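Subject: Handover of a structure and its findings

Dear colleague,

Please find the structure below, together with its sequence. My findings follow, arranged by topic.

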Amino acid sequence: MKEDKSRVYVQVLTEEIDQLLMHHGFLSIAGTESIGDRRCNRWTRNNGWKTDAVLFYFSNRHVDSVDPHVQVLLPLPQDMTPGFDDRNVRKLAGHDISPYYFPKIAGTIIMFRCRAFVEEVVRDTERCLPWFDETSTPEKCLARLERGEAMCAPGSPRYESVKAYLSSLLKPLQQHRD
């Protein structure tokens, strides 16, 4: 029974988030992928030189919560993960960093609680979409990298690879201006 309720939350939430993100240019990646002990639903928006992603993580063991993230991916060498930056939706929306826990109410109130839960997660996700504006250009990404605001430790091979990639995108722009 509990698993059935969790499945309802996941299904309704996925459908609502899919509708929201579709209006912002994101496409749903078919199916759920396994990442360690979690499952992940993913939506992406390809911008040519980077990809914006929204990820919803669910535990494989006890599906009692969802942990949404917004993420910027860059095409890096194969031995490096493509993540440039990743933020927790709850934290960006001004809450604590814990996941959104599914309501634990039984009976006739469950659909009301389900709707309120889904609306909160969708509203917070929508409030976080402007975060992608902070990485809308290679210049902005490079500035975030140099300020230490990205997921790259200064001086690390990953940092240097990201910096080289972003700088390579800026060279044609600088040559055009000259």
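A charge is taken to sit over a ring if NZ of Lys or CZ of Arg is within 6 Å of the ring centre and within 35 degrees of the ring normal. Arg90 lies over the face of Tyr100 in this way, at 4.7 Å from the ring centre. Please note that the model is a predicted one.

Aromatic rings

A second arginine, Arg45, also has its charged end over a ring, namely that of Phe132, at 5.4 Å from the ring centre. Phe132 in turn belongs to a ring pair. The structure holds 6 aromatic pairs, and in one of them the centres of Phe26 and Phe132 are 5.7 Å apart with the planes at 50 degrees, so this pair is classed as tilted. Phe26 is found in the loop between helix 1 (2-22) and strand 1, while Phe132 is in the loop between helix 3 and helix 4, so the pair ties together parts that are 106 residues apart in sequence. Phe26 counts as buried, at 2% relative accessibility. Phe132 is likewise buried, at 2%. Elsewhere, ring pairs link Tyr9, Phe102 and Phe117 into a cluster.

Strands and hairpins

Arg45 falls within the residue range of strand 3, which spans residues 38-46 and pairs with strand 1 (residues 27-28) through 2 bridges, the two running antiparallel. Within this pairing, Ser28 has Trp43 of strand 3 as its bridge partner.

Strand 2 (residues 33-35) also pairs with strand 3 in the antiparallel sense, over 3 bridges. Here the partner of Ile35 in strand 3 is Arg38. The two strands form a hairpin with 2 residues between them, and in its turn Gly36 has a positive phi of about 60 degrees.

Strand 3 is further joined to strand 4 (residues 51-59) by 9 bridges, again antiparallel. Arg38, the partner of Ile35 on the strand 2 side, stands opposite Ser59 in strand 4. The hairpin of strand 3 and strand 4 has 4 residues between the strands, and Gly48 takes a positive phi near 85 degrees there.

Salt bridges

The search of the whole structure found 11 salt bridges. One of them joins Asp52 to Arg45, with the closest N and O atoms 2.8 Å apart. Asp52 is buried, having a relative accessible area of 2%. Arg45 therefore appears in two of the contacts reported here: the salt bridge with Asp52 and the placement of its charged end over the ring of Phe132.A further salt bridge is formed by the side chains of Glu134 and Arg144, at 2.7 Å from N to O. Glu134 lies in the loop between helix 3 (110-128) and helix 4 (138-146) and Arg144 in helix 4, so the pair ties together parts that are 10 residues apart in sequence. How exposed or buried are the partners? Glu134 counts as partly exposed, at 38% relative accessibility, whereas Arg144 counts as buried, at 3%. The side chains of Arg144 and Glu134 are also joined by a polar contact of 2.7 Å.

Arg147 forms a salt bridge with Glu149, the closest N and O atoms lying 3.0 Å apart. Arg147 counts as exposed, at 51% relative accessibility, and Glu149 as partly exposed, at 28%. Through shared partners, salt bridges join Asp85, Arg87, Glu134, Arg144, Arg147 and Glu149 into one network.

Helix 4

Arg144 also belongs to the buried residues of helix 4, which are Pro138, Cys141, Leu142, Arg144 and Leu145. They cover an arc of only 160 degrees around the axis, which puts them on the same side of helix 4. Just after helix 4, Gly148 takes a positive phi of about 75 degrees.

Yours sincerely

Notes: Residues numbered from 1 in each chain as written. Predicted model: local features only at pLDDT ≥ 70, side-chain atom pairs only at ≥ 80, totals over all residues. Heavy atoms only, no water. Salt bridge = Lys/Arg side-chain N within 4 Å of Asp/Glu carboxyl O. Buried < 20%, exposed > 50% of the residue type's maximum accessible area, 1.4 Å probe, protein only. Arc of directions from axis to C-beta. Pairing = 2+ DSSP bridges. Phe/Tyr/Trp six-rings, centres within 6.5 Å; stacked < 30°, edge-to-face > 60°. Polar contact = N/O pair within 3.5 Å; in protein donor to acceptor, adjacent residues only side chain to side chain.
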